[in-house]
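Good morning, colleagues. I would like to take a few minutes to introduce a structure that will be new to most of you. Please have the sequence and the structure in view as I speak.

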Amino acid sequence: YLTYRGMARCEAVMNRYQNESRKDEKVSQTITVTGMILSALPIGEYDKRVVILSRERGKISAFAKGARRPNSMLVGTTSPFLFGTFTLYEGRSSYTMQQAEIQNYFGELRTDIEAVSYGFYFLEFAEYVTRENNDETEILKLLYQTMRIVVKRSISLSLIRCIFELKMICLEGEAPQVFSCVGCGKQGEPYWFSAAKGGLLCRDCVSKASDARRVGQSTVYALAFIVATPVEKLYTFTVTEKVLEELKQSAKRCVDVYIGHTFRSLEMLEFL
């Protein structure tokens with residue numbers, strides 16, 4: 001009888017230990033990340049699959065179960081552009097969103113078709129270049145600041161796009177050389193810009209690049225500012241139409257050479 005009681009106690013202790021271990025394991029699988037929703041797709045009848053660019057884990061995908069039900073806790077928290085903190089359950093092969101606290105909805109974008117078209121392009125660009133379990137803090141910061149300036153409209157949307165594209169390429173580790181000739185290192189020369197060669201070329205080196213385009217000194221200053229300036233102070237200048245046109249050409253060539261991807265959202269931008 002005493003032996004039986006001892007075995008029962010031992011079994012009870014073991015069960016309690018296992019239950020506590022499972023509880024600890026479940027807690028450890030719940031994480032909270034800060035980030036922005038890049039895209040959201042309907043799954044099944046009531047669910048969604050969202051892609052979040054997070055500060056803690058880079059780009060991650062998560063299922064939002066029941067997010068399309070009218071009485072769901074997740075209604076209104078699983079749309080593109082939303083920035084906030086997201087509590088996720090980390091399973092073996094996927095994340096499941098449990099709750100969200102939205103800090104910025106960027107609701108003003110939804111009333112301006114031109115602004116929202118640019119916004120979707122920036123989201124698609126970020127989703128394409130970012131990766132899971134990678135430090136994407138600076139890109140998240142750039143994306144957030146870009147959405148803020150799109151809403152504010154203190155500079156033109158075309159200039160915002162040029163700055164965003166060039167800075168994104170810099171953050172990806174492909175910054176063009178814009179402080180001297182990439183071929184020979186000369187400074188203070190008339191310059192041409194070549195994305196294929198990696199930056200500015202002087203008159204002695206320009207023949208080496210078939211894609212080189214002449215850029216004025218003001219454009220060189222603008223390129224240098226974009227490359228060297230922290231994200232927080234990036235959208236603080238404006239340019240003339242001539243400089244903007246040269247920046248557009250330079251940014252487009254950089255995107256073609258370093259990104260090499262056709263973005264669907266550009267179709268709407270080209271139409272506008």
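The secondary structure of this protein comes to 7 helices and 8 strands. Please keep in mind throughout that this is a predicted model. Of its 272 residues, 44% are buried. The protein exposes about 15000 Å², and 50% of that area is supplied by carbon and sulfur atoms. If we take the contacts between residues at least 6 apart in sequence, 59% of them join residues at least 24 apart.

Let me turn to helix H6, which covers residues 241-259. How far apart should the ends of this helix be? At 1.5 Å a residue, the 19 residues of H6 should span 27 Å, and the C-alpha atoms at its ends are 26 Å apart, which agrees.

The buried residues of H6 are Val243, Leu244, Glu246, Leu247, Ser250, Ala251, Cys254, Val255 and Ile259. Against which elements do they pack? The partners are three helices and two strands by name: helix H2 (113-129), helix H4 (157-171) and helix H5 (217-228), together with strand S6 (191-194) and strand S8 (213-215). Just after H6 comes Gly260, with a positive phi of about 60°.

Two of those partners, H2 and H4, also pack against each other. In general, a pair of packed helices is described by the angle between their axes and the distance between those axes. For H2 and H4, the angle is about 5° and the axes lie 11 Å apart. Angles under 35 degrees count as roughly parallel, so H2 is roughly parallel to H4. On the H2 side, the contact is made by Glu114, Ala115, Tyr118, Tyr121, Phe122, Phe125, Ala126 and Val129. H4 contributes Leu157, Ser158, Ile160, Arg161, Phe164, Glu165 and Met168. By class, the residues of this contact divide into 11 nonpolar, 1 polar and 3 charged.

Finally, I draw your attention to a single residue, Arg69. It is found in the loop between strand S3 (58-64) and strand S4 (83-90). Is Arg69 buried, exposed or partly exposed? With a relative accessible area of 39%, Arg69 is partly exposed, because buried means under 20% and exposed means over 50%. Leaving aside neighbours within four places in sequence, Arg69 is in contact with Tyr46 and Val75. Arg69 and Glu45 are 24 residues apart in sequence, and their C-alpha atoms are 9.0 Å apart in space.

Thank you for your attention.

Technical notes. Residues numbered from 1 in each chain as written. Predicted model: local features only at pLDDT ≥ 70, side-chain atom pairs only at ≥ 80, totals over all residues. Heavy atoms only, no water. Helix = DSSP H or I, 4+ residues; strand = E, 2+ residues; numbered from the N terminus. Expected span 1.5 Å × (residues − 1). Buried < 20%, exposed > 50% of the residue type's maximum accessible area, 1.4 Å probe, protein only. Contact = heavy atoms within 4.5 Å. Areas by Shrake-Rupley, 256 points an atom, 1.4 Å probe, with all protein chains shown as cover. Axes fitted to C-alpha atoms, helices over the stretch in contact; angles between N-to-C directions. Parallel < 35°, antiparallel > 145°, perpendicular 65-115°, else oblique. Nonpolar A, V, L, I, M, F, W, Y, C, P; charged D, E, K, R; others polar.
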